[in-house]
Amino acid sequence: MKLPRYIEIDLTRKTSKIFVISTRDFHDYLGGKGLAAKILYDEMAAGTDAYSPDNLIVINVGPLTGTGAPSSSRFNISTKSPLTGAIASSNCGGTFGMKLRGAGYDGLVIRGQSASPVYIEIMDGIVNVRDASHLWGMNTEDTQKQFNKRYGQLVIGPGGENLVRYACAVSGERVAGRCGIGAVMGSKNLKAVIAYGTEEVEIEKKKEFDAFVSRWVTSLKNHPSTGEAMPKYGTAGFLKKVYKNHVLPADNYQHTNFAEADRISGETLAEEYMTRNSGCVSCPIRCERRVKHQDKEIKGPEFETIGLLGSNIGNDSMNSIIEWNYQADLMGIDTISLGSTLAFAMELSQKGIKDYGLQFGNPEGISEAIRQISLREGPCAELADGVRALSEKYGGHDFAIHSKGLEFASYDPRHSVGLGLGYATSNRGGCHLNGGFLTFVEILSPVSVNGLDTKGKAALTAFFQNAMESVSSGGSCLFTTFSVIPAFLFKGKGDGFVNHITGRLLTYSSPLLGFIMHHPGLFNFKMFYLFPHIEAIELATGIKCTVGSFLEAGERSFTIERMFNIREGFTSADDCLPPRIMNEMVEEQDTTMSEKIKIMLHEFYRVRTWEDSGRPAKKLLGRLGIELHDDENE
Amino acid sequence: MSYRIVDKCIGCSLCAKLCPVLAITGTPKEIYSVNEKRCIECGVCGRVCAKSAILDPLGNITQQIPRKLWPLPHINTNQCSSCGICVEACGMEALDISDPQYVGDIHTFAYLKDPKKCVGCAICTRKCPLNLIRMEAIS
């Protein structure tokens, strides 16, 4: 078995040190965000400022990254977020991860702070920190053009340089968007990381692995979701269903009746704007949209971008969404937080609190605002601090749509209450993916779980959160899990008897899910249809992996991220949603969300074995083998 | 193990230009060298060198071979999943994913777009996770 090889680079001292992950940590955390959380928890002191040299950036891959397994180009970046003050993790499908493995490493730990702009170059295992003054100020596309196309690249744009709190890092055209990772790189004066080499990823049982990958790809290709809906309409294809179910936010979550939803749907994007579909390297799902923009083929917007730069600011022009998405990628800022911040600014002026010259339904001034935010200049400069900071400065706490400081993705949780619980409890704040993405069973997939009812949601959320942590840590894209919904449920309109029954089964699955979570050792087997990742990881690495150990790795990862946040002072009081979501109703007959969240949270803590304070119980930490640091033992 | 360049090299730089993994460096008109760590032993350098200045990993002197005899990849397009690994791996940008045939066509595949750029290194063959690519010389 080959253990993951990491290199720690100190930008202050310009030194580096190679270290190897222990067998136990490899088995327990797999890699990716799980292992990154473990490193951050062990190596960082409580209360470290996100912009201080002592903040660490961990960039790492999972065991499947670059192996040829489907949708496995994913790599992860974790650090402490300047936007939330909590742990940040962001996942990206660019080529950097596999190229980093080619260069001989499975992960980088970056600490310190350079006095002047630099970039890190990793060639065939050798690390050099080089001057980047000539790159400083360049957008993400131009920066990448300065290097050989064959190199794996991870760069920031002006947004990261100017410490926009939601700046992202870009690899090719794929983006590690959320939580302000780009700003932390910027604070370290780190413009880019470049990696290249031809080291092969070692695969323990090559022949079996190849055969398994073949089977896995076939199953993804033959599935109605990953083989047809996703390649045809991408994530934008979610929009119609989301809108119909009153989950598409409009005008900063004031309502969910955006009448022009058709004009910004995935169908419209596919039929009128898309030139072809594409995908991250190694992915047979290919949900990426390619669109024409001024004689150039560029990346089209994802669902979340369409919602937040579309309906949530009252904009029905797909063209403008495509353009702003591109502009934000060039500048290196997260389109989700950007859209939400613009919407908040618009509501501030609607309410006469502060006028930025931005209004709902008016595309004018937005492009200029994106420029000002990225460069932190002009009247819109302060929008670079995100929704929470603005609400602290000007008020408007009631309609500041974030959790723990991270702006929501474009799913309104009031008709997808499980996702609401996810937003409230996600370790990186208001994130749909770390939150467990219950919208998938409540709205998107044809299993008909009631989005208004709290029944069963706590256990489902915890289970999905754990599962997605494991899939991410393993190096696979979360969309590979879509094929878990049996193909026959996609037949017809998706509201038939079988769909209804499946929905009911899931709703009443809490005792079973709870049992699996509390007794992972009993689930000592593999299940292709549930998680093909498990067998792939075992064949690739040689570590023993079962349904139980795989899910427990996810639980461990979620729990250690939670422990990081608790050390930073987060408590159960932070597991909350903004007042607008809690108290205002989407439709008259609804009951308020605050009641529902209370019920679900209580159950969620119980399922997760957390104390009322929101702290994971000693019993749980013991089972997961998470060792507390001395200062935390009460 | 790696290919090596010996002092018969006249520094014409052709091997460096065609090395698909950027393993060969040097100054024109001086002796070039192969980065042993990076060399994937594809043999392209040996096939282009007119001076037989390149040794294979076993120490044999390589012979120049006319380009029209170099092997080219043949892709089983029916089973290709368009995952793009070969396209990304190809250092010479000879491969691409096919264009959709109509609006909404999702049945695309990898193909040899530019045979003139292909150096026959077979890196695509090694990387294809479904083993759908084989190298064939044109007879």
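**Legends to close-up views of chains A and B**

**View 1. Two loop residues of chain B with positive phi.** B:Leu22 is placed in the loop between helix 1 (14-18) and strand 2 (24-25) of chain B. Helices (H or I, at least four residues) and strands (E, at least two) are DSSP runs, numbered from the N terminus. The structure is a predicted model, in which local features need pLDDT of at least 70 and side-chain atom pairs count only at pLDDT 80 or more, whereas totals for chains, interfaces and linings use all residues. Residues are numbered from 1 along each chain as its sequence is written, chains are lettered from A and ligands numbered from 1 in the order in which they are written, and side-chain values use heavy atoms, with hydrogens and water left out. Most residues other than glycine have a negative phi. B:Leu22, which is not a glycine, has a positive phi near 55 degrees. A positive phi of about 50 degrees is also found at B:Asn131, again not a glycine; B:Asn131 belongs to the loop between helix 4 (123-127) and strand 8 (133-137) of chain B.

**View 2. Chain B and its order of elements.** Chain B contains 4 helices and 8 strands. Read from the N terminus, these elements follow the order β-α-β-β-α-β-β-α-β-β-α-β. The C-alpha trace of chain B extends over about 55 × 30 × 25 Å along its principal axes.

**View 3. The interface of chain A and chain B.** Contact (heavy atoms within 4.5 Å) joins 33 residues of chain A to 30 residues of chain B. The two chains bury about 2,400 Å² between them, 53% of it on carbon and sulfur atoms; buried area is the accessible area (1.4 Å probe) that two parts lose on being put together, summed over both. On the side of chain A, the most area is lost by A:Asp124, A:Arg150 and A:Thr198, which together account for 24% of what that side buries.

**View 4. Polar pairing across the interface.** The interface holds 4 salt bridges, each a side-chain nitrogen of Lys or Arg within 4 Å of a carboxyl oxygen of Asp or Glu. A:Lys99 and B:Glu88 form a salt bridge at 2.7 Å, N to O. Helix 7 (206-221), helix 8 (225-233), helix 10 (266-273) and strand 13 (274-278) of chain A each give two or more residues to the side that touches chain B. Helix 7 of chain A gives the most, with 5 residues.

**View 5. The largest cavity.** A cavity is a set of points, on a 1 Å grid over the protein atoms alone, where a 1.4 Å probe fits but cannot get out; a pocket is an open set with protein on both sides within 12 Å along at least five of seven lines, and lining residues have an atom within 4 Å of a point. The largest cavity has a volume (the space filled by probe spheres set on the points, which are joined across faces, edges and corners) of about 930 Å³. It is lined by 48 residues, and closest to its centre are A:Arg74, A:Asn91, A:Arg174, A:Val175 and A:Leu433. Elements of chain A that each supply at least two lining residues include strand 5 (87-92) and helix 18 (457-474).

**View 6. The second largest pocket.** This pocket has a volume of about 950 Å³. Among its 35 lining residues, A:Lys241, A:Ile443, A:Leu444, A:Ser445 and A:Pro446 lie nearest the centre. Helix 8, helix 9 (239-244) and helix 17 (439-444) of chain A each give two or more residues to the lining, and helix 8 of chain A supplies the largest share, 6 residues.
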